[in-house]
Amino acid sequence: MSKIKIAELFYSIQGEGRYMGVPSVFLRTFGCNFKCAGFGMPRGEMSHEATDIAATHTMIESFQKYEDLPLVSTGCDSYASWHPDFKDLSPMLTSEAIADRIMEILPQDHWKDEHLVITGGEPLLGWQRAYPDLLSHPKMAGLKEITFETNGTQKLTEEFKEYLAQWQMYTDFSKEVTFSVSAKLPCSGEKWEEAILPEVVCEYEDFGTAYLKFVIATEQDFADAERAIGVYRKAGFKGHVYLMPVGGVESVYTMNNKNVAILAMKNGLRYSDRLQVPLFKNEWGT
Ligand code: SF4
């Protein structure tokens with residue numbers, strides 16, 4: 001039986017993108033190919049918040065569980081899902097254990113119209129090999145919709161492509177796969193040539209619905225987003241594009257959410273909120 005290293009598994013409202021407002025099970029896998037230490041920082045500077053928390057975790061007081069970890073206002077707000085110093089907080093679980101836990105957190109003990117979000121970290125790293133085993137588990141049979149929240153840098157493996165096509169061919173009710181691609185602009189601190197990979201994202205469109213979601217804090221970020229959109233479109237990407245305000249904490253989010261909404265309207269793009277921030281303060285497990 002396959003195993004997946006799980007950073008978090010919880011039930012909440014999807015706060016972002018296409019399924020905003022839909023009750024969803026979130027499966028947050030461990031591991032990411034990026035660090036995104038530039039978020040919320042002046043351009044060219046990197047956040048040390050995650051590293052400082054990691055130093056506390058390893059040297060002074062050990063955090064026992066995710067909920068004890070501090071939230072950050074700069075850098076990646078999911079830092080504990082990839083930083084190696086927090087890997088002890090993410091257990092390796094079998095498909096059976098994950099499916100059992102999902103049944104426990106679903107309000108009706110079975111899938112109704114809830115949606116599954118497989119997020120990270122970067123969920124399309126090596127875990128692609130384990131998803132078929134989980135998604136084929138009898139307790140997952142009623143699941144209709146899945147979103148992979150990805151940074152858009154990981155190619156789908158041949159085996160996983162085959163599985164996704166087969167999963168959506170189910171005939172009793174319609175099933176749908178979505179790729180929510182949060183492509184990383186220079187404000188993330190990641191390199192353009194490693195983050196903007198249109199050929200990878202275009203292929204997602206062959207195996208589900210894909211859309212792009214750019215995190216915006218400044219006009220420069222929007223200029224970078226426009227450049228990236230041009231690159232994706234030139235490569236043949238057909239999906240929708242969302243602009244989303246930066247801000248894992250309320251003070252940062254409320255500073256620019258309205259401006260980003262206006263920018264999206266002016267440019268005929270979609271606006272994605274971050275409902276988990278005003279609703280739940282973006283606490284762990286939301
Ligand atoms: S890609 Fe996502 S999970 Fe990975 S470091 Fe960047 S923001 Fe965090």
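Okay, quick word on classes before the cavities: Ala, Val, Leu, Ile, Met, Phe, Trp, Tyr, Cys and Pro count as nonpolar, Asp, Glu, Lys and Arg as charged, and the others, Gly among them, as polar. Also, keep in mind that this is a predicted model.

So, the ligand first. Around it you find Cys32, Phe34, Lys35, Cys36, Cys76, Trp82, Gly121, Asn151 and Lys184. Sorted by class, that shell comes out as five nonpolar, two polar and two charged residues.

And where does the ligand sit? The space it takes is the largest cavity. That cavity has a volume of about 840 Å³, and 47 residues line it. If you go looking for its centre, the closest lining residues are Glu16, Arg28, Asp77, Ser78 and Arg274. On the secondary structure side, β1 (3-13), β2 (23-29), β5 (145-150) and β7 (209-216) each give two or more residues to this lining. β1 gives the most, with three residues. By class, the lining of the largest cavity splits into 16 nonpolar, 20 polar and eleven charged.

Now, how many cavities of 30 Å³ or more are there? The count is two. The second largest has a volume of about 30 Å³. Its lining is made up of Phe39, Ser182, Ala183, Lys184, Leu185, Cys187, Lys213 and Val215. That gives five nonpolar, one polar and two charged residues.

One thing to look at on the screen is Lys184: this residue is part of the shell around the ligand, and Lys184 also lines the second largest cavity.

That's it from me.

Methods:
Residues numbered from 1 in each chain as written. Predicted model: local features only at pLDDT ≥ 70, side-chain atom pairs only at ≥ 80, totals over all residues. Heavy atoms only, no water. 1 Å grid on protein atoms, 1.4 Å probe; cavity = no way out; pocket = protein on both sides within 12 Å on 5 of 7 lines; lining within 4 Å. Points joined across faces, edges and corners; volume = space filled by probe spheres on them. Helix = DSSP H or I, 4+ residues; strand = E, 2+ residues; numbered from the N terminus. Near = heavy atom within 4 Å. Sits in = over half its atoms within 2 Å of the grid points.
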